[in-house]
Structure formats: structure tokens, C-alpha cells
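Me: Please take a close look at one part of this model, the sheet, and describe how its strands are put together. Add a short note on the charged surface patch afterwards.

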Amino acid sequence: MEACSLEELKEHFEAKIERLTRCMDLAAEVIGLGAPVTKCREQLIAVNSELCLAESAVGQLREHVKIQRQQVEEAKVAMENELVNHVKYTVTHLPDRLPSLQKPQQNSNQVEQSNHRIPLIPRQANNHDINHERPPSAADKKSTGFKKQHYVPQMEILTIDEFNSVPKYMKGRLSYNIINSMVDGINLTLTTKYDLMHKVPSKLTEAKRKKYHKFKEQENKNTKGVFFFIDDDFKNYSKLKYDNTARSIITILRHVGRLREIRGGGVTRFAVI
């Protein structure tokens, strides 16, 4: 007997029991017609034995089905518990920062060899962005304290996938949060530097005017339209140390395509990509 499912097995035994029952009915008819009692009794005993075997098999089948159902319910409970534990673990171990945007990964060779990248400039307004209202007049600007807005790019923090893609020899013992703390420091450095660069030099104090001209001296033909900083800028404005750890993180940020180097004039500049 071959059965592909419990339902087929059940149907097989039910059909067999039905045939045995019909045989018993026929045997009773034969006895009633005067057949030898001894022969009929032997047939009945044989039929009864087969019927008992069929009933035993059906009983075993029912017990097996019961056990399988119980195992299915236990498996469902185990899966639910595992899912709950996984969610609890994930919530407990969420990083301090979560990225808002994922960028395609680039290796350090691709970043260094790309010398003609599109500079980071403010997005040009399209037809839907144009404000058709009257532009503010000089009197409006003076009365409302109108200030011209300028664009300073902010480096996106590393994603978990990017962090995991960094080779072990490069990452060492640096954690995900330490690397993104460096990203925060770089963003603070860029904001502070270019806030000063967008001011009118003649309206600055003597100290700030010197810083302004120092920033201008760091620019060359390769930095046009590019936002960059040097190690001294990071030391002065990030509120973090520029030590071996910071240098290692700079290497990692170059590897994942967040920074690239621009050299020239004895100065190493780190440009935001």
C-alpha cells in the first residue's frame, strides 16, 4: 500500500473496513442458507482478525496525526518566541545613529583616481521650485532681517552595511559609533569654516579676517566648487582630537567613498564627495 498523504491512508482503511463489513454480512446470509457452520465460522474468524488489524492501524494513524498536530502547535509557539526575542534584541542593540540615505559603495582606488568629480553645488531650482512672488526689496531685507542662505554639504553617516564592508585590518577596534562621531566632527568643521567663508571680509574682525584669507590660500584650481577641510581645520573646529584614531577613520571614510584627497602646495585637503 502506498499513500502520499494522511487523507489517502484514511480513505484506504475506510474502504477496507467497508469491504470487511460487507463480507461479514454476506457470511451471515450464507449461514442462514444452511452453509456448513464450521466453514462459516472459520471465515468469520479470518474476517474478524483482518478487521481488528484494520482498526488497530486506524487507531495508530489517529495517534500519529494527533502527535503531528501537537508538534505543529509547539513549532508555531517556538517561532513566535524566537521572533519576539529577535525583535527585543534588535531594539536593545540599535546604534545611536541610523542613516537616512544609502549610497553606492566605492573602494578607495576608485575614489582616489576620480579627479573630475562633479562638485558639490546647490541644486538649481526647476520650474516648480521658482517662486513667482515679488523678490524682497532692500527695504524688506532691512526690515525683516533677511539673510542670504548659503549651502554647506553635510556628510552622511555610515550605514551598517558600509561599516561591515570595511576590512578588518583597516577598521581595527574602531566601533560604528566612534566612526560616526568623526563624521559629526567633520560636519561641524565644514559648517564653521564655510559660514565664515560666506561673510564679507571687510565686515570681519581682524582675527576672523586672517582665518578667511588663510582659507582662501588653501584653494587651488582643483578645489573649485568643492567643499574641503584640512587637519588644522578639524583640530580647531570639530572639538575632537586629530590623532592616529582620526587618521584611521579618515582612511575608512575614503574607502567607503565619503572623502577624497586633494594634494598640492604642500597641503593635503579632504574633500567631501
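Reply: In this predicted model, 6 bridges join β2 to strand β3 (residues 267–272), and the two run antiparallel. Two of the residue pairings across these strands can be named. Glu-261 stands opposite Phe-270 in β3, and Arg-260 has Ala-271 of β3 as its bridge partner. β2 and β3 form a hairpin with 2 residues between the strands. In that hairpin, Gly-265 takes a positive phi near 65 degrees.

The hairpin belongs to an open sheet of 3 strands, in the order β1-β3-β2, with antiparallel pairing. The edge strands are β1 (228–229) and β2 (259–264), each of which pairs on one side only. In the strand order, β3 sits between β1 and β2. As for what holds such an arrangement together, strands of a sheet pair through backbone hydrogen bonds, either parallel or antiparallel.

The charged patch involves another part of the chain. Glu-7, Glu-8, Glu-11 and Glu-14 form a negative surface patch. Of these residues, Glu-7 can be placed in helix α1, which covers residues 6–32. Glu-7 counts as partly exposed because its relative accessibility is 48%, and the partly exposed class runs between the 20% limit for buried and the 50% limit for exposed.

Methods
Residues are numbered from 1 along each chain as its sequence is written. This is a predicted model: local features need pLDDT of at least 70, side-chain atom pairs count only at pLDDT 80 or more; totals for chains, interfaces and linings use all residues. Side-chain values use heavy atoms; hydrogens and water are left out. Patches are made of residues with over 30% relative accessible area and no salt bridge: like charges are joined within 9 Å, nonpolar side chains (Val, Leu, Ile, Met, Phe, Trp, Tyr) within 5 Å. Accessible areas come from the Shrake-Rupley method with a 1.4 Å probe; for residues, only the protein chains shown count as cover. A salt bridge is a side-chain nitrogen of Lys or Arg within 4 Å of a carboxyl oxygen of Asp or Glu. Lys and Arg count as positive and Asp and Glu as negative; His and the chain ends are not counted. The place of a charge is taken as NZ of Lys, CZ of Arg, CG of Asp or CD of Glu. Helices (H or I, at least four residues) and strands (E, at least two) are DSSP runs, numbered from the N terminus. Buried means under 20% relative accessible area, exposed over 50%, partly exposed in between (1.4 Å probe, protein chains only). Two strands pair if DSSP finds at least two bridges between them.
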